[in-house]
Structures are given as C-alpha cells and as structure tokens.
Amino acid sequence: MEKKQIGIIGAGISGLLACKYMLSKGFDPIVFEAKSDVGGVWIKTIASTKLQTLKTMYQFSDFPWPSSVTENFPAQHEVFDYIQSYAQHFDLIKHIRFNTKVVGIEYEGLSDEEIQSYSLWNGNGQPFSFKGKWKVVVDNIENNSTKVHKVDFVILCVGRFCDVPNIPEFPPKKGPEAFHGKVIHSMDYAAMDYESAANFVKGKQVIVVGFRKSALDIAMECSEANGLKNQCTVLYRTEQWIGQANLPWGLPLTCLICLNSFCEEGILVDGEPTSTTPLKTDVVILATGFRGDQKLRDIFVSQVFQDYKQGSSDETFPLYREIVHPRIPQLAVIGFSESFSNLHTSEMKCRWLAELLDGTFKLPSIKEMENVMVEWDEHLKRSSGEHYRRSCIALPIWYNDQLCKDMGWNPKRKKGFFAELFEPYEPLDYVSPSRSN
Ligand SMILES: Cc1cc2nc3c(=O)[nH]c(=O)nc-3n(C[C@H](O)[C@H](O)[C@H](O)COP(=O)(O)OP(=O)(O)OC[C@H]3O[C@@H](n4cnc5c(N)ncnc54)[C@H](O)[C@@H]3O)c2cc1C
Ligand SMILES: NC(=O)c1ccc[n+]([C@@H]2O[C@H](COP(=O)([O-])OP(=O)(O)OC[C@H]3O[C@@H](n4cnc5c(N)ncnc54)[C@H](OP(=O)(O)O)[C@@H]3O)[C@@H](O)[C@H]2O)c1
C-alpha cells in the first residue's frame with residue numbers, strides 16, 4: 001500500500017518533532033522550510049538570549065542534552081546545536097526541503113459546504129478521507145519557481161513567535177513615517193549580527209516598547225551598550241513577566257496607557273501628564289510581539305477556514321486538545337499554545353497526532369469536540385484571567401494526562417507511590433508509552 005504523504009510546514013522544533021513521529025508510524029513526511037536551516041527561532045536571536053526554561057524541562061524525551069552542556073539555562077548557540085544534533089541523529093534532514101516557502105494550502109475534492117455538513121472530523125471520523133487532499137503551493141526562494149504538491153495530511157508548524165511582527169496601529173500620518181529617527185521591530189534587531197546590533201544602539205537615545213522578554217532583554221543590551229549616559233527607556237502598558245526586584249538597573253520605566261503616535265522628535269504618549277510633549281529619542285524598538293494568528297490564518301486559501309481562525313478574538317485559536325480544528329479536515333497545528341516548555345508540549349502533541357493518524361484512537365463527534373473546547377476555554381479563563389489565551393497551558397501535567405489517556409497510556413509516569421508524589425515530572429518520563437524507568 002502506498003504510504004500516506006504528510007506535508008509539514010516549518011522545520012523548527014515542532015516541525016522536526018512532527019517529522020520524526022510521522023516517520024515512526026511509517027508515513028512519508030515532506031517538510032517545507034522557508035529558511036536554509038532547521039531550528040526556527042533558535043537560528044538567530046539577540047546576543048544575550050538563553051533558554052528561559054530549565055534544560056531538563058526543555059529536552060526531547062529520547063534525546064537528552066549532551067553532558068558537554070553544563071549550564072541549566074543554555075545559551076542560544078547551545079540550544080541551536082542541540083536541535084541540529086536531534087535532526088541529524090534521527091536522520092530528518094533528508095525529508096526537509098529548505099528555502100521553500102508555502103504560500104497557500106487548499107483542500108481539494110470537496111466543497112466548503114460539504115465539509116461544513118460533517119458531523120465527524122473528515123466526514124468519517126478517520127484521519128484520512130478518500131475524497132480530499134491538500135494542495136500545497138510552494139515558492140522556491142532560491143530559484144524563484146513555484147511548485148504544487150498534493151498531500152494526504154497537513155501539519156502546520158509555522159511558529160507563533162516569528163516572521164509576522166505585531167506593529168501597533170497609529171492614526172494616519174502619525175505612525176513611524178512621521179518620526180525623523182529609526183523605528184524597528186525586535187525581530188529586525190534580532191536579525192542583525194551582534195556587532196551591528198550593538199552599533200545600532202550605541203550612543204543613541206533608545207525607547208523600547210513592550211514589557212515582556214524581548215523588550216527587557218533588548219533594553220538590557222542597550223543599557224550595557226550605553227551605560228548611564230544614554231539611558232534606554234522602556235514604555236509599557238501592562239506590567240508583567242518580571243517582579244520589581246528584577247527590573248533592569250538604570251532603566252527608566254514609563255507606564256503608558258496608549259502609545260498614541262509618533263512625531264518628528266519621538267513618541268507622544270497618552271496618559272502622560274503632558275501628552276503633547278514628546279518623549280524625545282533617536283531610535284524606537286517595538287518589542288511588541290508577533291501575529292502568529294495572522295500567519296496561520298493567511299496560509300489557508302479558503303475564506304471559510306480563514307474565518308475559523310478569525311472567529312477567536314484572542315491571540316491563538318480554539319483547537320481540540322490544542323491540536324486539531326474539528327471543522328478543518330486532515331490538518332493539525334503544532335506549536336501554537338504556550339507552555340513552560342514549548343519543546344515538550346510540541347513533542348507530546350506530535351506523539352498524540354502520530355497515534356491518531358495511526359488509528360490507535362478516534363476523535364469524538366465534532367459537537368462533542370466543540371463542547372470540550374468550550375470547557376477548556378472556561379478552565380483557562382478561570383485559572384489565568386483575561387490573558388488566558390496568552391498564558392501557559394495552565395496545568396501541563398493535567399494536559400499531558402489527557403493526551404496519555406487518549407493514547408491509552410498510563411498518565412502516571414513514575415515508578416512507585418513516593419516517586420509519583422514527590423519527584424518532578426520531566427520530558428524523559430514520557431520516553432515510551434509505558435511508565436518511565
Ligand atoms: C527568542 C526566543 C526565545 C524563546 N525561548 C523559549 C524558552 O526558553 N522556552 C520555551 O519553552 N519557549 C521559548 N520560546 C518559544 C519558542 O517559540 C518555542 O520554544 C519553539 O522554539 C518554537 O518552535 P516551533 O517549531 O513551534 O516554531 P519556530 O521555531 O518559530 O519555527 C517555525 C518554522 O516555520 C518556518 N515557516 C513559517 N512559515 C512558513 C511557510 N509558510 N513556509 C515554510 N516555512 C515556514 C519558519 O521559517 C520557522 O523555521 C522562545 C521564542 C523566542 C522567539
Ligand atoms: N528565552 C528567552 O530568553 C526569550 C527571549 C525573547 C523572547 N522569548 C519568548 O518569545 C515569545 C515572544 O516574546 P516577546 O517579548 O517578543 O513578545 P510578547 O511576549 O508577545 O510581548 C509583547 C509585548 O508588547 C506589548 N505590546 C503589544 N502591543 C502593544 C501596543 N500596541 N502598545 C504597547 N505595547 C504593546 C505587550 O503588552 P501587553 O502585555 O499589554 O499585551 C507585551 O509587553 C515569548 O514566548 C517569550 O517568552 C524568550
């Protein structure tokens with residue numbers, strides 16, 4: 001029998017995991033990657049980036065960190081090397097088409113109306129339908145050509161924190177174009193080589209907008225480049241991520257209610273006592289995050305599928321088990337819910353998906369899946385408040401337990417009553433379907 005072909009979009013951690021677990025079940029994966037290397041966000045970051053998750057939590061269940069990496073929070077190049085070794089160890093590279101950007105995917109064989117009338121995922125409750133395939137349109141960046149591939153299943157691993165920057169909206173003619181200095185997104189700063197990045201901010205007045213990890217890391221790099229002479233200002237609207245004790249030294253932190261507009265000399269801020277007096281600056285770095293939701297939506301040719309994504313006002317979208325959309329056939333999304341260790345969560349999802357595609361278990365009806373999704377949303381709202389969709393999966397162990405139960409695995413991964421009670425759960429606990437040793 002011909003192997004089912006699985007189109008995987010993206011060769012970051014999620015795409016590599018998807019490829020590895022699809023191979024483990026005898027499928028034929030083809031990975032499209034726009035960049036020329038594996039690793040996604042880890043290919044290039046700002047100089048100071050380290051893993052912010054303990055390395056024991058951010059590791060592949062069957063490929064532990066090498067003993068040569070001794071830091072608990074390895075540096076970017078160590079994370080990158082680790083991901084590359086994983087791809088080489090499991091011989092994944094030969095399945096990846098580098099420098100190929102997927103510009104659109106279209107489900108062929110059935111009309112949107114027929115798909116909407118389904119009561120079971122894919123119409124039959126099976127992972128593959130006999131009627132439909134996905135058409136994947138791929139641009140080859142190197143030779144400027146376009147090719148169409150037909151695949152039986154698509155796994156979107158396009159990444160939530162790269163490619164499409166979130167740029168705040170400004171009134172007409174009051175955006176960055178009105179400013180005489182330079183405005184860039186954190187993504188552009190991260191793309192510069194380390195020396196160019198340091199030179200870019202050296203001796204300049206810099207405003208960083210945002211108050212999460214990228215903003216504070218960049219502000220720290222600015223303060224290192226300039227010391228107290230040209231203090232970097234951090235503009236933020238929501239205080240979070242760090243406690244007061246960890247605020248970068250020497251950084252004036254300005255709480256803004258709204259980044260209103262640009263003027264020639266700098267930024268005008270609502271909520272400041274003098275909102276007509278600009279905060280003067282030479283450079284503005286917008287560390288305002290990414291629009292992963294938009295990237296995901298735009299990859300669909302079908303307006304109906306695009307609208308499913310738009311249906312949620314939040315930064316990510318409802319998916320059953322955070323993996324499949326009940327009304328989008330033969331497709332899964334990996335890497336769009338945040339957790340304390342995104343690597344581990346992506347791995348658990350890929351294992352669940354591999355078992356689903358292999359027929360180990362079936363999905364309930366579309367109605368039942370939608371009810372479960374509502375319940376999960378309520379649960380996240382209760383535990384994480386208004387930022388619930390931005391928050392980490394509230395209870396990762398609880399999430400893993402659900403996936404284990406679906407797959408028929410024992411969710412209790414430790415050996416012995418006391419180990420279960422007192423030992424922390426780690427990715428290595430999930431190395432095989434049976435309990436850890
Ligand atoms: C600087 C930084 C540090 C982080 N640190 C941590 C951390 O310490 N702990 C943690 O848990 N998480 C961290 N994260 C979150 C991180 O995003 C995940 O841990 C993980 O690396 C994401 O992997 P991914 O494969 O899902 O996505 P990505 O790494 O974003 O990979 C997506 C890939 O898809 C490709 N792609 C996208 N669209 C297309 C297309 N249309 N066609 C072809 N290819 C496409 C991209 O080129 C990219 O290579 C960090 C994120 C950033 C940005
Ligand atoms: N390992 C590491 O060291 C490291 C380094 C960098 C990034 N990361 C990870 O990468 C991911 C992305 O991080 P990120 O910091 O780039 O993005 P982010 O977490 O999405 O943060 C975006 C920031 O911009 C603010 N913002 C968005 N729109 C704004 C607007 N219109 N006006 C003013 N402020 C606005 C947000 O404020 P609100 O909170 O009010 O929305 C938030 O403070 C995260 O998972 C992060 O943990 C990790």
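Which residues of helix 6 are buried? In this predicted model, the list runs to Ser 214, Ala 215, Leu 216, Asp 217, Ile 218, Ala 219, Glu 221, Cys 222 and Ser 223. These buried positions pack against three kinds of neighbour along the chain: helix 4 (186-191) and helix 5 (194-201), then strand 9 (206-209) and strand 10 (233-236), and finally strand 15 (283-286). The helix itself is regular in length: with 14 residues at 1.5 Å a residue, a span of 20 Å is expected, and the end C-alpha atoms do sit 20 Å apart, so the two values agree. Just after helix 6 comes Gly 227, with a positive phi near 60 degrees.

Helix 6 also turns up at a ligand. It spans residues 213-226 and gives four residues to the shell around ligand 2, the largest share from any element. That shell counts 25 residues, and those that come nearest to the ligand are Pro 168, Gly 210, Ser 214, Thr 238 and Gly 289. Ser 214, then, is on two lists: it is one of the buried residues of helix 6 and one of the residues nearest ligand 2. By class, the shell splits into nine nonpolar, ten polar and six charged residues. Both domains chip in, with at least three residues each from domain 1 (5-162 + 291-430) and domain 2 (176-286).

Ligand 1 has a shell of 33 residues, and the ones that come nearest are glycines: Gly 10, Gly 12, Gly 40, Gly 159 and Gly 335. Helix 1 (13-24), strand 4 (100-108) and helix 9 are the elements that supply two or more residues to this shell. Its make-up is 15 nonpolar, 14 polar and four charged residues.

Zooming out, the chain has 437 residues, of which 37% are buried, and its secondary structure amounts to twelve helices and 16 strands. Among contacts with a separation of 6 or more, 67% link residues 24 or more positions apart.

As for the interior, nonpolar side chains in soluble globular proteins tend to be buried together. Here the largest nonpolar core takes in 64 residues, and the most contacts inside it belong to Leu 16, Ala 18, Ile 83, Val 154, Ile 155 and Leu 156. Helix 9 (residues 342-357) provides the largest share of this core, eight residues. A second core, separate from that one, has 29 residues, including Ala 197, Ile 207, Val 284 and Ile 285. Back in the largest core, Ile 155 gives a feel for the packing: leaving aside residues up to four places away in sequence, Ile 155 touches Ile 6, Ile 8, Ala 18, Ala 332 and Ile 334.

Two loop residues deserve a mention for their backbone. Asn 144, in the loop between strand 5 (133-140) and strand 6 (145-151), has a positive phi near 60 degrees despite not being a glycine. Glu 322, in the loop between helix 8 (303-310) and strand 16 (331-333), likewise has a positive phi near 60 degrees and is not a glycine either. Their surroundings are another matter. Asn 144 has 7 C-beta neighbours inside 10 Å and therefore counts as exposed, whereas Glu 322 has 24 such neighbours and therefore counts as buried.

Key
Residues numbered from 1 in each chain as written. Chains lettered and ligands numbered in written order. Predicted model: local features only at pLDDT ≥ 70, side-chain atom pairs only at ≥ 80, totals over all residues. Core = buried A, V, L, I, M, F, W, Y, C linked by C-beta atoms within 7 Å. Buried ≥ 20, exposed ≤ 12 C-beta atoms within 10 Å, placed from the backbone. Contact = placed C-beta atoms within 7 Å. Near = placed C-beta within 6 Å. Nonpolar A, V, L, I, M, F, W, Y, C, P; charged D, E, K, R; others polar. Domains from an automatic or database assignment. Expected span 1.5 Å × (residues − 1).
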